[in-house]
Amino acid sequence: MQTGSIRIRHRHTWPTRGLTALLATTLVLASCGVDDGVVDAAVGLPTSTSDSPSPGDTTDDTAELDIPLDTAPGRTETTVDTDTSGTAVIPTAVTSVPESAGAWGEVIVLIESFWDENFAAFAGSGTFTPLDRDRIVAVEDATTDLPDCDFAQIGTVDVEDNALAAACSEGQLIVWDDDDLFAELFQDFGTTGPTVVLAHEMGHAVQYQAGALRNSTLVVEQQADCLAGAYAAWATDRRISPFDSAAALDSAVGATVSFRDHPGASAAASDAHGSGFDRVRAFQDGFDRGVGYCGQYGDIGLPITEFPFQDQEDADTGGNLDFEALIDLVNPYFDALFATRHNEWPGMTISEEQLDGWRNAHAQIGDNATGTAMALMFAKRLQILEGAQSEGEGALLQQACLAGAAFAPLIFEDAELTPLAGLSLSPGDMDEAVLTMIRIVETNQDRLDDGFLFEAVAALRTGFTQGFDSCGI
Ligand SMILES: [Zn+2]
């Protein structure tokens, strides 16, 4: 248990309240379900309102957040040992399979092998100490013998629909709800879902061993997501299942978003884990940059997009504008915005057919489903006007980047565009953008390569944090 506070500087006004002193106790990965069902079309939109953030909104404990503008280096595949046939050699297990982990024992062993190799790169020095085998427990039903923590048995209620890691006087432990949570994750995301959760929880065990729990809850949780991403990269390089297929990276995006905090949650909350948009960024940071970068999470000023609703009215609507109102506000905003990118911008007309296609997504995902669909459509028009490629996966990634750039002025104060828009992003809007990308990829699965979603969400974030010029057009 510890306390810590963070105060971060930034160069944009950010509509969030502060990050106050936080308390990290037992480390919990809360779970929430993902949206089910299939929406037939791409998209929906950003929230409204005339009360876009102003510098006067800041209060004593307001944290100013910094979006690092450096370009992520991208991942370079590491050299791994191979056998004579060129097949990657899976490292020798450094631990025995924990019987109490049920079906996930082998995954635990692999994650511990990863930490056996990488602990010092995260912690600066030292070695990883595997957990006692009987303290890694898949809780299957009421008959499962729950371990003690600090002289009291872990409660069933703590484990229900949850996974957690804790440092107890009896030794570290990792337990999870195998019957509900993991069964559901397996059904929705295959082996990737539970694997990502286990890598996250083992990340907490490593943080404890490294003395890296002095940060806020949010930073600790995002760092665990980052460490899970680093494991995914290590497993990818070694062709270790499920990461021997790029499809696992797409599933990891879906699983990570499914754990998001609910829109309007405060980044300062004692149980904050992050918005879906931020949690995917953390996972991708670890995947691209490795455990050494995750280790800097307490110092670099994470680009957090989690902030509360500005008023009760926004909270009541979930920050979602009515479909027609949204179209009326966003269409002229995008027109004006894209006109700044091309001086012969012709304006965009939206057909009845397109509107029909967007309505369902708007209702199911939220209003930024419409916004994302529109932004992608505008982006494609810009590509055509610029003579750029507008079809194929590369063009789609560029469209995702341009869509992210189109949202940025709605949250970062922009002297020219913000008054024009009369709009601002509401809590959850960037999660809705990611959910829309997921829906688009699901709908077009047979035309897209495995791993496309993973790249598309990264491209969306690049445009959002670094602007149009980062999109190569
Ligand atoms: Zn956690």
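**Note on helix packing, a strand pair and a loop residue**

1. Helices H4 and H6 (helices being DSSP runs of H or I of at least four residues, numbered from the N terminus) are roughly perpendicular to each other, a label that covers angles of 65 to 115 degrees, because their axes cross at roughly 65° and come within 9 Å. Axes here are lines fitted to C-alpha atoms over the stretch in contact, with angles from 0 to 180 degrees between N-to-C directions.

2. This is a predicted model, in which local features need pLDDT of at least 70 and side-chain atom pairs count only at pLDDT 80 or more, while totals for chains, interfaces and linings use all residues. Residues are numbered from 1 along each chain as its sequence is written.

3. Where H4 and H6 meet, Thr192, Gly193 and Val196 of H4 are in contact with Ala248, Ser251, Ala252, Ala255 and Thr256 of H6, contact being taken as C-beta atoms, placed from the backbone, within 7 Å.

4. In strand E4, residues 136-139 (strands being DSSP E runs of at least two residues), Ile136 and Ala138 point one way and Val137 and Val139 the other, and all are buried, that is, with 20 or more other C-beta atoms within 10 Å. E4 runs parallel to strand E8, residues 171-177, and four bridges join them; isoleucine 136 stands opposite isoleucine 174.

5. Serine 270 lies in the loop between H6 and helix H7, and its C-alpha is 6.2 Å from that of threonine 217, although the two are 53 residues apart in sequence.

Terms used: Parallel < 35°, antiparallel > 145°, perpendicular 65-115°, else oblique. Contact = placed C-beta atoms within 7 Å. Buried ≥ 20, exposed ≤ 12 C-beta atoms within 10 Å, placed from the backbone. Pairing = 2+ DSSP bridges.
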